[in-house]
Amino acid sequence: MILVTGGAGYIGSQCVKILTERGYRTVVFDNLSRGHREMVLSGEWVQGDLGDGDALAGAIRRYGVRAVVHFAALALVGESEERPHEYYMNNVRGGLHLLDAMLKTGVDRIVFSSSAAVYGEPAALPIEEGHPTRPTNVYGGTKLIFENILRQYARTYGIRFISLRYFNAAGADPEGAIGEDHAPETHLVPLVLDAAMGRRPEITIHGADYDTPDGTCIRDYVHVRDLAAAHVLALDRLEKGPCGEFYNLGSGSGFSVREVIRSAEKVTGLKVPVKEGRRRAGDPARLVASSRKIEKELGWKPVCSDLDTIMDTAWKWHRRRFEGK
Ligand SMILES: NC(=O)c1ccc[n+]([C@@H]2O[C@H](COP(=O)([O-])OP(=O)(O)OC[C@H]3O[C@@H](n4cnc5c(N)ncnc54)[C@H](O)[C@@H]3O)[C@@H](O)[C@H]2O)c1
């Protein structure tokens, strides 16, 4: 039995789906502060908060949990700068409660959802795992702190962990059952689709004067299904092989904001209204991952992370969710 914290969220719910397909049993632990109960398509369900150590230990004992996949977190960069206290309490203190519950119940395996935000400004591209970690916002800071706690708990208490540093998760379940629904939404793909279908007046390009071929920022988008699949590989590795590792998860190819908009227009057949705005502080021109390490060591291969597949699956989901089509 696998405990999936944050399993009612965008990536966690996709992970539950793929774990079920691969024969794992799951129990989701989520407080629904940002997630949706109906996104949890299978397995057991506990509504609870990471702040409640007894509820965590209770769920682990009741369902005979053997390993944990830890998605639950607050994950908005801007919000983290405005409300740092909440981010440290939720992402760091909440994570410590989870580790304590694991130690109390004898569970020693955990896969952690980390982020490209641990790196900060890129010093070299593509970004490899050995790149310096200098987060430029509170959110990235909380992820780095928890990675360091995991390192320490591995040394002192024998916790076996793998930390997956995601770049930009995008796309939806290829079968159309689940997908992205954040409020507020800050991710480019759903924002562009909202603009295409008139749910927002336009999409703002934050800076069109970057040193990139079309002047807009380049990011590495990885399909949520490919991301979810990596967690199954990580769980398998924790059972058998060496652990205490950090892996990037990206597609290795970057797309600019304008390329994402063009792909949305192609896939939807609709015009995306665009407004050019000023650069946002702390937005690097390019962020592209090297995922060679996880490809080599765990055999991960992105299979649906090309931009048009990302857009096509996201569009099918988006229309169903927000237009009932
Ligand atoms: N979406 C991305 O592109 C991306 C990129 C890098 C890292 N990540 C990380 O991946 C994880 C999942 O991201 P997501 O996009 O699915 O986010 P999400 O907000 O959709 O899901 C997070 C889930 O955690 C739950 N949660 C939050 N705090 C909780 C608490 N204290 N107790 C119990 N449940 C709690 C929320 O209700 C939600 O269901 C996060 O840890 C995030 O930091 C996401």
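In the predicted model, Lys293 is placed over the face of Tyr247, at 4.9 Å from the ring centre. A second charged side chain is placed in this way at Phe322, where Arg199 lies over the face of the ring at 3.9 Å from its centre.

Contacts between aromatic rings were examined next. A pair of aromatic rings is described by the distance of the centres and the angle of the planes. The count of aromatic pairs comes to four. One of them is formed by Tyr153 and Tyr157, which are edge-to-face, with 4.9 Å from centre to centre and 70° between the planes. Both residues belong to helix H5 (residues 138-157), and because they are four residues apart in this helix, about one helical turn separates them. Their exposure to solvent was computed separately: Tyr153 is buried at 14% relative accessibility, whereas Tyr157 is partly exposed, with a relative accessible area of 47%. Phe161 and Phe246 form another edge-to-face pair, with a centre-to-centre distance of 5.5 Å and an angle of 65° between the planes. This pair links distant parts of the chain, since Phe161 is in strand E6 (residues 160-166) and Phe246 is in strand E10 (residues 245-249), 85 residues apart. Phe161 is buried at 2% relative accessibility, and Phe246 is buried as well, with a relative accessible area of 9%.

The protein is divided into domain 1 (2-169 + 221-249) and domain 2 (188-220 + 252-323). Each domain is thus assigned two segments of the chain. The C-alpha centres of domain 1 and domain 2 are 24 Å apart. Across the boundary, 28 residues of domain 1 are in contact with 30 residues of domain 2. The size of an interface is often given as the accessible area lost when the parts come together. For domain 1 and domain 2, the buried area is about 2600 Å², and carbon and sulfur atoms give 61% of it. Of the area that domain 1 buries against domain 2, 31% is supplied by Tyr221, His223 and Asp226, more than by any other three residues.

The backbone was then inspected for cis peptide bonds and positive phi values. Most residues other than glycine have a negative phi, and most peptide bonds are trans. A cis peptide bond joins Leu125 and Pro126, with omega at about -10°. Pro126 is located in the loop between strand E5 (109-115) and H5. Ala183 and Pro184 are also joined by a cis peptide bond, with omega at about 5°. Pro184 is located in the loop between strand E7 (168-170) and helix H6 (188-196). Leu32, a residue other than glycine, has a positive phi near 60°. Leu32 lies in the loop between strand E2 (26-30) and strand E3 (44-47), and is partly exposed, with a relative accessible area of 26%.

Cysteine residues were considered last. A disulfide is a covalent bond between the sulfur atoms of two cysteines. The structure holds zero disulfides. For Cys15, the closest cysteine sulfur is that of Cys304, at 14 Å. This distance is too far for a bond, because a disulfide requires the two sulfur atoms to be within 2.5 Å. Cys15 is buried, with a relative accessible area of 0%. Cys217 is likewise buried, with a relative accessible area of 8%.

Methods: Residues are numbered from 1 along each chain as its sequence is written. This is a predicted model: local features need pLDDT of at least 70, side-chain atom pairs count only at pLDDT 80 or more; totals for chains, interfaces and linings use all residues. Side-chain values use heavy atoms; hydrogens and water are left out. Buried means under 20% relative accessible area, exposed over 50%, partly exposed in between (1.4 Å probe, protein chains only). Rings of Phe, Tyr and Trp (its six-membered ring) pair if their centres lie within 6.5 Å; planes under 30 degrees apart count as stacked, over 60 as edge-to-face and the rest as tilted. Helices (H or I, at least four residues) and strands (E, at least two) are DSSP runs, numbered from the N terminus. A charge sits over a ring if NZ of Lys or CZ of Arg is within 6 Å of the ring centre and within 35 degrees of the ring normal. Domain bounds come from an automatic or database domain assignment. Contact means heavy atoms within 4.5 Å. Buried area is the accessible area (1.4 Å probe) that two parts lose on being put together, summed over both.
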